[in-house]
Amino acid sequence: MPHENTATATLPSGHPRELASAPGSEWWRSAVIYQIYPRSFADASGDGIGDLAGITQRLESLANLGVDAVWLSPFFRSPQKDAGYDVSDYCDVDPIFGTLDDFDALRDRAHELGLRVIVDLVPNHCSSEHEWFQEAMAAGPGSPERDRFIFRPGTGDNGELPPNNWHSMFGGPAWTRTTNADGTPGDWYLHLFDSTQPDFDWTNPWVWEQFRQILRFWLDRGADGFRVDVAHGLMKAEGLPDIEEAAEEDSELAEGLMGSLEVPYWGQDTVHAVYRDWHAVLAEYEGDRVLCAEAWVEPLAKAALWVRPDEMHQAFNFSYLATPWLAPRLRDVITESLEAFTGVGAPSTWVLSNHDVVRHASRLGLAPYAAGPGAGIGPSSPEKPDAALGLHRARAATALMLALPGSAYLYQGEELGLPEVIELDDEYRQDPSFHRTGGEVYGRDGCRVPIPWEPDAPAFGFNTTGESWLPQPETFARFAHAAQADVEGSTLELYRLALALRAEHGFGLGTLTWLEGYADEVLAFRNGGVTVIANLGDAPVELPAGEVILASDPLEAGAVPSDTTVWVAA
Ligand code: NOJ
């Protein structure tokens with residue numbers, strides 16, 4: 001019979017015996033935070049693009065699901081060249097999403113339901129249509145307006161080559177050349193993403209002041225915190241040196257949204273001063289406001305630098321998201337995460353899906369999933385997911401994740417077991433990475449299709465008109481919220497039960513203790529009074545004594561079948 005480690009037991013490959021969540025009782029240390037992608041959640045206006053009023057109408061379903069907070073992807077004024085991550089006014093709502101009054105109504109309803117509201121801050125770049133960039137273009141070379149961004153002369157005999165060899169994350173060079181007022185070719189500006197997303201120069205104090213004001217604007221309006229976009233990218237290495245040849249190949253998009261991490265624009269030490277500054281701003285406000293870093297940095301010990309006590313509060317755990325469905329690898333990443341984040345007094349976070357990666361119900365049906373974030377899958381991808389296997393594993397993966405100490409992020413639709421939409425015709429694809437790579441990279445549209453609420457309604461209840469900015473496949477009917485609510489064994493009910501039990505047993509602030517005596521393909525641990533077994537192997541695993549309080553799929557004759565997770569209270 002498997003047994004719990006005792007003080008004298010030998011620990012498997014150096015696993016510490018107890019991996020506690022860092023102490024503290026702030027809400028975000030244990031919170032489950034649900035990502036809403038406003039374009040695709042609910043559409044009250046019926047124009048085919050989701051909006052804030054639509055979200056407000058559906059918030060109750062999230063309170064019923066049992067999450068603690070919602071994070072809204074950008075809804076600010078934007079030409080929508082990168083689905084809102086190209087902001088042209090940080091302090092206003094884009095008309096396609098509604099108005100500031102709609103935001104206030106959403107915030108009030110959320111708070112009434114006990115849900116916190118996190119907004120998405122995009123500080124690395126803005127839209128080329130932002131007045132700050134327009135002013136910079138008009139003011140010309142050498143002006144203070146240009147110093148807000150990163151303009152440089154080109155190289156080559158006549159400045160016809162970009163200032164360095166950096167690539168855009170969406171394909172092609174990271175530089176675009178300007179045209180001077182007299183029509184002659186001018187300087188180049190840096191954009192790590194689309195050419196419509198110029199990077200700010202964060203060595204300029206003017207930029208710091210603008211963002212302090214933006215933080216205050218949303219904090220004053222009752223935002224409970226910020227998810228910080230590209231939080232590892234604001235500072236570039238001095239002198240903007242070329243990427244070394246070895247990293248250069250890797251830095252191209254084929255590697256995924258963030259490319260190689262060993263480049264002079266990711267993870268520079270100087271970026272931390274920015275977050276100390278913001279931490280102080282948030283600390284002026286009551287209510288444990290939170291900063292969460294979207295920082296693609298490795299190893300985990302480095303990611304933990306973003307959440308030292310005077311910086312951000314949380315950082316996304318992309319190492320966890322990127323770990324294949326292999327027990328030894330997961331065991332290691334869980335252990336390393338808890339050690340790294342606890343080491344700086346922060347909770348670990350856990351995430352399996354978001355708006356940039358192939359949904360985990362599909363990703364886990366590809367074995368092993370090799371493509372990086374952002375690469376996507378489409379009709380001519382060489383490998384297609386096994387949908388049934390993917391969903392089966394996704395349920396087990398979620399049951400594993402929600403049993404871990406720390407805070408977890410969910411992406412809209414995963415509670416329905418929604419798969420990636422693969423059969424999406426090219427004419428509908430909107431991701432700039434698809435267009436900048438001439439269709440070589442499918443990109444992220446497949447995980448952004450409006451989610452289904454009703455099986456038989458127009459646009460599956462996304463709105464009442466049947467319009468949808470990306471076409472929804474017929475198969476969405478069976479994943480619809482209403483088709484799963486109160487249906488025993490549905491993915492929606494699995495999530496609800498898991499969230500209720502997670503809260504009841506205090507997993508978020510708990511302590512993980514690995515159990516010995518199990519095969520390598522099995523993850524077995526205790527958190528509080530519950531034993532968790534995730535069987536990633538082929539052979540069934542004997543159930544431990546106690547009461548099964550959750551099983552990701554049906555059990556077989558007293559055993560945990562392959563790709564299944566159980567929680568047993570004893
Ligand atoms: C990360 C966001 O999650 C992604 O959607 C966006 O395209 C890039 N940052 C650029 O803002």
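A polar contact is taken here as a pair of N or O atoms within 3.5 Å, and within protein one of the two must be able to donate a hydrogen and the other to accept it, while residues adjacent in sequence count only if both atoms are side-chain atoms. The model is predicted, so that local features need pLDDT of at least 70 and side-chain atom pairs count only at pLDDT 80 or more, whereas totals for chains, interfaces and linings use all residues. Residues are numbered from 1 along each chain as its sequence is written, and side-chain values use heavy atoms, with hydrogens and water left out.

At the ligand, an N or O atom in the side chain of Asp-356 lies 2.5 Å from a ligand oxygen atom, a polar side-chain atom of Asp-82 is 2.6 Å from an oxygen atom of the ligand, and for the side chain of Arg-444 the corresponding distance is 2.9 Å. The protein buries 100% of the 300 Å² that the ligand exposes when taken alone (Shrake-Rupley method, 1.4 Å probe). These three residues, together with Asp-229 and His-355, come nearest among the 13 residues around the ligand, where a residue is near if one of its heavy atoms lies within 4 Å. The shell comprises seven charged, four nonpolar and two polar residues, with Asp, Glu, Lys and Arg counted as charged, Ala, Val, Leu, Ile, Met, Phe, Trp, Tyr, Cys and Pro as nonpolar, and the others, Gly among them, as polar.

Asp-82 also belongs to the lining of the second largest cavity, along with residues including Lys-81, Asp-431 and Trp-469. On a 1 Å grid over the protein atoms alone, a cavity is a set of points where a 1.4 Å probe fits but cannot get out, a pocket is an open set with protein on both sides within 12 Å along at least five of seven lines, and lining residues have an atom within 4 Å of a point. The whole structure holds four cavities of 30 Å³ or more, and the second largest contains about 70 Å³ of space, its lining divided into six charged, three nonpolar and two polar residues.

The second largest pocket has a volume of about 490 Å³, and of its 24 lining residues Ala-387, Gly-417, Pro-419, Arg-478 and Phe-479 are the closest to its centre. Helix 11 gives the most to this lining, with four residues, and the lining as a whole has twelve nonpolar, seven polar and five charged residues.

Methods: Points joined across faces, edges and corners; volume = space filled by probe spheres on them. Helix = DSSP H or I, 4+ residues; strand = E, 2+ residues; numbered from the N terminus.
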